[in-house]
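Please open the model in your viewer and keep the selection panel at hand. The tour goes from one selection to the next, and at each stop it says what is there.

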Amino acid sequence: MNLGFNSPLVLLLLPLVLLPVIFAIQRAQGYPSLAAVETDTLSRVIDVVLHLSGVVALAALLAALAGIHLSGQTVERVGEGSHIVLLLDRSSSMDDTFAGRPPGDGEASKSAAARHLLRDFVEKRPHDRFGVAAFSTLPMYVLPITSQRDAVLGAIDAITRPGLAYTNVGLGLSLALSMHEADPTAASRAIVLVSDGAAVIDRRVQEKLRAQIAKRPVNLYWLYLRTEGAPGIFDPPGEDVPDTPQALPERHLNIFFQSLKVPYRAFEAENPKAVADAIAEIDKLERNPIRYQERIPEVDLSKIAYGIAGAALLLLTLAKLAEVQLDGGGHRGERASSSVTATRRAAAISREKEAA
Amino acid sequence: MTDRGPHDTAPPADIPYRLPWRSSNVRVGTHRGKLEGAGGFFRDVVPLLRSPDPRRIDLRISARDPFEGLYARRFEQKTSVVVYAIVDVSASMGFRGSADKMRLAAQLCGALAGSVRRAGDAFGLIGCDAVVQKDLTFLATRARGSEMEMLSRLRSFTPRGAGSQGFIDAAGLIAGRRKLVFLISDFYIPSEETEKIFAAFAHHDIVPIVLSDSLEIERLPRWGIMSLTDLEVGRRRLVVMRPSLWEAWQRRSGRRRAALRSIAARFGRAPFEIQDRIDWDRLGAHLVGGYA
């Protein structure tokens, strides 16, 4: 914790805080002899308190004007978690329900179900850093790998926006892998692919993906939101269906993923409950030690400083309001105080005379 | 207290003062003296040889004397006295609350000077704080109009000094025959010093006049915060006035007055307190009859 100031030049005025030590807020009133009156502890305490609160008020005001704050810093900690890129399908079919039709009353679209569960997932894993990428026909770079939870949640929320076009898994994956490459830290890495379908991955793209994965191995999870009636990942091909990527893209994407020689799990989810199970499973699997940086944000203390100054000034104001003149009204008190200055002036003159 | 300004209480033509002692002054005046002479008061009868004035032979006493001596009556010579006003001009006298103490002092001295001059006595004025103020040292004189200069200087004087040593020095200045000495001060003086001052003037007839201001003690507000500056020392003190402290101040003030009274009683007259304005009638009564 170290204090910082936005404009330290203001602190040059700090010697001014000694002014209330010298001056009192009350107007000095002459009194013949204080030796002849009772001393009073409470009065003395209040006197000290009032002077101090003058000092405090000035100091706090100056600190607030100088923009006092606790500088932000990052602390490295070790916890459990991974760097996870959420690769979200933004194809228009995600807007449909698991039954493959636009959501009606009380029904959740696939994207809404995924959003809900992914939010939980992100919130449950405090030490993970998440990146978000989306893909449709082309990949979309949404959020680099970051520990800014709010941004991640915002990005996840955005998947319920109406979908765009078709599904192009290959380029999306490539983007997710490149996001991992851009993140230099040594941590367990994972990509969670959330999609409701697959497409043929171009052979050139396949080669590129293999190269990327070889460079930086990641754990791969595929959460397949299976629409009712759509072909499954694990289903063997029907007899009348040719076993080609064109005919069964999901099955062949799975086979491709398995061939990547990285830890890989695929989850087939046909309803929100299954999605929840799959996410819980991912949560269980991704439990590796991680060194993570906790960023302690800059704390602006000027409000507190203003508050302290306000309180001190309020105290002084109350004390000023409680002040009484010796005769309880105007002109004579003035004369009494003027006699103090007259006395001082006369004393100064007499000293000068003596010196001369 | 009624709200009367100082101008409402114009001093009377004369402040009566009577001496309960015999002056040994040789100058003819209006007071009873120790000397015999052509006064009206019968004093005693002495043999004619001691007082060789055949005009005053007392036949009855002479005839009664078995040794046939002649006796003459003697009468008291009325004499004058010297009156001094020793005025405290230390800074504490600069307090201006309900009244201006220096103005009260000047008023009192003015009235005294007039009365004293009309009675044929000599009047002198000495202002002192830690030292005897040279500007305010006027040795007793009968010169008419002399009081004008004294008073104008006293009125224009700004009290600034601290201390009371000047009183003792002033006592040295007026040593000699017994005099009537008005000690005019607020008597914010520690009691040991007060005692020393009274002791220094013990030879004279001391009339302590206490100038006080009701705002100092009696009319202090019961609640509130005051920042008081000691006019003499210059030290500032914050006072959070509340009824308990107020009572304490009153008690302390009562003790201070009692202490002054007891000191004054040992050396002569009781102190006369002038609060806010001069009550001339009471002052006259005090000077004529109030002999402690």
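Select helix 4 of chain A together with what covers its buried residues in this predicted model: the cover includes strand 5 (83-89), helix 3 (110-124), strand 6 (129-135) and strand 7 (139-146) of chain A. Now narrow the selection to residues 149-157, which form helix 4 itself, and pick out Val152(A), Ala155(A) and Ile156(A), which are buried. If you turn the view until you look down the axis of helix 4 of chain A, its buried residues fall within an arc of 100 degrees, so they line one face of the helix. A general point helps here: an α-helix has 3.6 residues a turn, so residues three or four places apart point the same way.

Next, show the whole of chain A, where you can trace 10 helices and 12 strands. Colouring by burial would pick out 37% of the 356 residues in chain A as buried. Of the contacts in chain A between residues at least 6 apart in sequence, 83% join residues at least 24 apart.

Now bring chain B into view and select the contact between the two chains, to which chain A gives 35 residues and chain B gives 35 residues. On the side of chain A that touches chain B, strand 2 (28-31), helix 2 (41-65) and helix 10 (330-355) of chain A each supply at least two residues, and the largest share, 10 residues, comes from helix 10 of chain A. Coloured by class, that side of chain A shows 18 nonpolar, 9 polar and 8 charged residues.

Stay with strand 2 of chain A and add strand 9 (residues 224-230) of chain B: the two strands run parallel and are joined by 4 bridges. Within strand 9 of chain B, look for Leu228(B), which stands opposite Gln29(A).

For the last stop, select helix 2 (residues 101-118) and helix 3 (residues 146-156) of chain B, which pack at an angle of about 170 degrees with their axes 9 Å apart. Since angles over 145 degrees count as roughly antiparallel, helix 2 of chain B is roughly antiparallel to helix 3 of chain B. Showing side chains, you will find among the residues that make this contact Ala106(B), Cys109(B) and Ala113(B) of helix 2 of chain B, and Met150(B), Leu151(B) and Leu154(B) of helix 3 of chain B. By class, the contact of these two helices of chain B has 7 nonpolar, 2 polar and 3 charged residues.

Terms used. Residues are numbered from 1 along each chain as its sequence is written. Chains are lettered from A and ligands numbered from 1 in the order in which they are written. This is a predicted model: local features need pLDDT of at least 70, side-chain atom pairs count only at pLDDT 80 or more; totals for chains, interfaces and linings use all residues. A residue is buried if 20 or more other C-beta atoms lie within 10 Å of its own, exposed if 12 or fewer, and partly exposed in between; C-beta atoms are placed from the backbone. The arc is that of the directions from the helix axis to the C-beta atoms. Two residues are in contact if their C-beta atoms, placed from the backbone, lie within 7 Å. Ala, Val, Leu, Ile, Met, Phe, Trp, Tyr, Cys and Pro count as nonpolar, Asp, Glu, Lys and Arg as charged, and the others, Gly among them, as polar. Two strands pair if DSSP finds at least two bridges between them. Axes are lines fitted to C-alpha atoms, for helices over the stretch in contact, and angles run from 0 to 180 degrees between N-to-C directions. Angles under 35 degrees count as roughly parallel, over 145 as roughly antiparallel, 65 to 115 as roughly perpendicular and the rest as oblique.
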